[in-house]
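Subject: Structure for your review

Dear colleague,

Please find the structure below, together with its sequence. I would be grateful if you could read the notes beneath with the structure open.

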Amino acid sequence: MIKAFEQYEVWFVTGAQLLYGGDAVVAVDGHSTEMVEGLNASGKLPVKVVYKGTANSSKEVEAVFKAANNDEKCIGVITWMHTFSPAKMWIHGLQQLKKPLMHLHTQYNAEIPWDTMDMDFMNLNQSAHGDREFGHICTRMRIRRKVVVGYWKDEETQRKIAIWMRVCAGWADSQDMLILRFGDQMNNVAVTDGDKVEAEQRMGYHVDYCPVSELMSYHKDIKDEEVDALVKIYFNEYDHDAELEDKNTEAYKKVWNSAKAELAIRAILKAKGAKGFTTNFDDLGDVNVDETGNGFDQIPGLAAQRLMAEGYGFGAEGDWKSAALYRTVWVMNQGLPTGCSFLEDYTLNFDGANSSILQSHMLEICPLISAAKPRLEVHFLGIGIRKSQTARLVFTSKVGTGCTATIVDLGNRFRLIVNDVECIEPKPLPKLPVASALWIPMPNFEVGAGAWILAGGTHHSCFSYDLTAEYWEDYAEIAGIEMVHINKDTTMSEFKKELRMNEVYYMLNKALM
Ligand code: MN
């Protein structure tokens with residue numbers, strides 16, 4: 001259905017045993033084949049399901065799970081017990097399995113055939129029984145997994161499988177994720193910092209420092225013709241004043257230089273196989289760039305906007321956790337209709353029940369969330385080491401519900417904080433020509449912002465209209481990190497209790513590991 005996930009597979013393994021004879025296993029195999037074909041034909045699943053046969057013994061379970069670990073296409077395993085499958089035979093396999101696990105509690109037939117059901121039928125169709133046995137051993141072994149309960153042909157069941165598949169794709173992508181930091185973090189900022197070793201162990205991504213001078217070695221190799229061609233694309237893709245195309249103006253030069261910056265950043269990301277990057281407005285190459293040409297003459301905000309839309313992770317001011325998380329959001333969001341972006345809490349608007357937060361940044365907001373065609377504009381930007389006329393895409397976001405997320409490092413663990421939000425119609429901002437969104441955090445501004453702050457959440461977050469908290473629940477389960485979800489039902493007193501309980505849980509959990 002979606003090309004972005006074509007390189008991936010999810011494996012389907014059916015548990016059985018030989019107690020009921022070879023014929024029973026043949027029937028289980030036939031039903032499983034039909035179910036997997038049905039799931040693939042539903043058009044609801046973003047990743048192809050591949051049936052890997054029945055597992056009838058400890059050796060067979062171990063063999064198929066080891067194969068899953070070693071197959072790069074395989075991003076997750078779905079298990080289902082058609083008939084009874086004594087769970088001790090799953091122990092060795094589950095000890096080995098490194099890929100995300102979903103336990104699908106379903107049944108081949110929807111209803112009991114009341115008039116014809118006999119003992120043979122009941123023995124064959126006993127997932128009600130077998131799935132509990134399998135669930136027990138997973139819980140006994142503390143195996144993290146998603147349990148989906150429902151008839152396999154039902155849309156709701158397929159919707160849950162689809163969500164988990166997208167998360168598995170994001171997870172697989174992040175196991176091979178390199179984030180480049182051009183320059184270091186903005187000095188003295190706490191929340192954007194954290195333990196990169198633990199991040200690689202937990203979330204999979206690798207974070208490297210890259211001197212701006214190295215980026216500049218790519219910058220100087222960019223050909224003028226390439227830049228001219230990209231500027232043409234800008235003028236085709238975005239609304240703009242006709243004067244902006246006048247090559248004799250400073251504004252045109254700024255657009256041109258922005259295009260060159262975009263080409264340079266993309267070139268180094270490609271050369272190094274990086275999936276995301278951070279910038280730092282205090283480190284843009286030579287300070288005397290006008291003489292040496294060995295630096296950016298403006299913050300590469302337009303480049304960040306466009307590269308985000310293309311799928312590169314981005315975090316401002318060296319925020320590598322947000323860069324990596326945005327990349328994961330973008331992957332999970334592939335093919336979904338409404339879009340995603342890196343955002344920053346900027347300014348509050350107190351307005352009773354409609355009190356809201358302006359989400360913006362200096363420039364770096366992804367145009368995938370724009371309500372209309374973005375406008376390419378050039379304005380003065382007085383922040384950072386290079387105070388300059390600066391090219392950017394200007395737009396306001398779509399109106400509608402969404403979900404935003406961030407990961408913070410609490411010292412002993414990572415915490416994923418998720419907040420449902422409602423994007424509302426902003427008023428015009430004639431003196432603030434940047435991209436922005438305006439939202440009310442759920443359940444309302446007071447509790448939403450209060451809970452986020454108590455949880456230690458960043459001012460940066462990764463937002464999507466299409467992803468819901470269910471995606472993040474699956475993600476946190478796979479990663480084995482804490483997640484707190486601020487939503488329409490959140491109250492401060494219950495939320496505080498949850499944070500306190502989690503503190504104890506994760507302290508004990510760490511001790512057990
Ligand atoms: Mn920022």
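The notes that follow cover the metal site and then two patches on the surface. Please bear in mind that this is a predicted model.

Metal site

The manganese ion has its protein donors at distances of 1.8 to 2.7 Å. They are the OE atoms of Glu-317, which is listed twice, an OE atom of Glu-344, and the NE2 atoms of His-361 and His-460. Along the sequence, the spacing of these donor residues reads E-x26-E-x16-H-x98-H. Within this set, Glu-317 and His-361 bring together distant parts of the chain, being 44 residues apart. Glu-317 sits in the loop between β9 (313-315) and α13 (320-332), while His-361 belongs to the loop between β11 (356-360) and β12 (375-381). Both Glu-317 and His-361 are buried.

Charged patch

On the surface, a patch of negative charge is formed by Asp-224, Glu-225, Glu-226 and Asp-228. One of these residues, Glu-225, is part of helix α9 (residues 224-237). Glu-225 is classed as exposed because its relative accessibility is 55%, and the cut-off for exposed is over 50%.

Nonpolar patch

Ile-112, Trp-114, Met-117, Met-119 and Met-122 make up a nonpolar surface patch of about 550 Å². Among them, Ile-112 is found in the loop between β4 (101-105) and α4 (119-124). With a relative accessible area of 37%, Ile-112 is partly exposed.

Yours sincerely

Definitions and conventions:
Residues are numbered from 1 along each chain as its sequence is written. This is a predicted model: local features need pLDDT of at least 70, side-chain atom pairs count only at pLDDT 80 or more; totals for chains, interfaces and linings use all residues. Side-chain values use heavy atoms; hydrogens and water are left out. Donors are N, O and S atoms within 2.8 Å of the metal (3.2 Å for Na, K and Ca); water is not among the atoms, so sites may look incomplete. Helices (H or I, at least four residues) and strands (E, at least two) are DSSP runs, numbered from the N terminus. Buried means under 20% relative accessible area, exposed over 50%, partly exposed in between (1.4 Å probe, protein chains only). Patches are made of residues with over 30% relative accessible area and no salt bridge: like charges are joined within 9 Å, nonpolar side chains (Val, Leu, Ile, Met, Phe, Trp, Tyr) within 5 Å. Accessible areas come from the Shrake-Rupley method with a 1.4 Å probe; for residues, only the protein chains shown count as cover. A salt bridge is a side-chain nitrogen of Lys or Arg within 4 Å of a carboxyl oxygen of Asp or Glu. Lys and Arg count as positive and Asp and Glu as negative; His and the chain ends are not counted. The place of a charge is taken as NZ of Lys, CZ of Arg, CG of Asp or CD of Glu.
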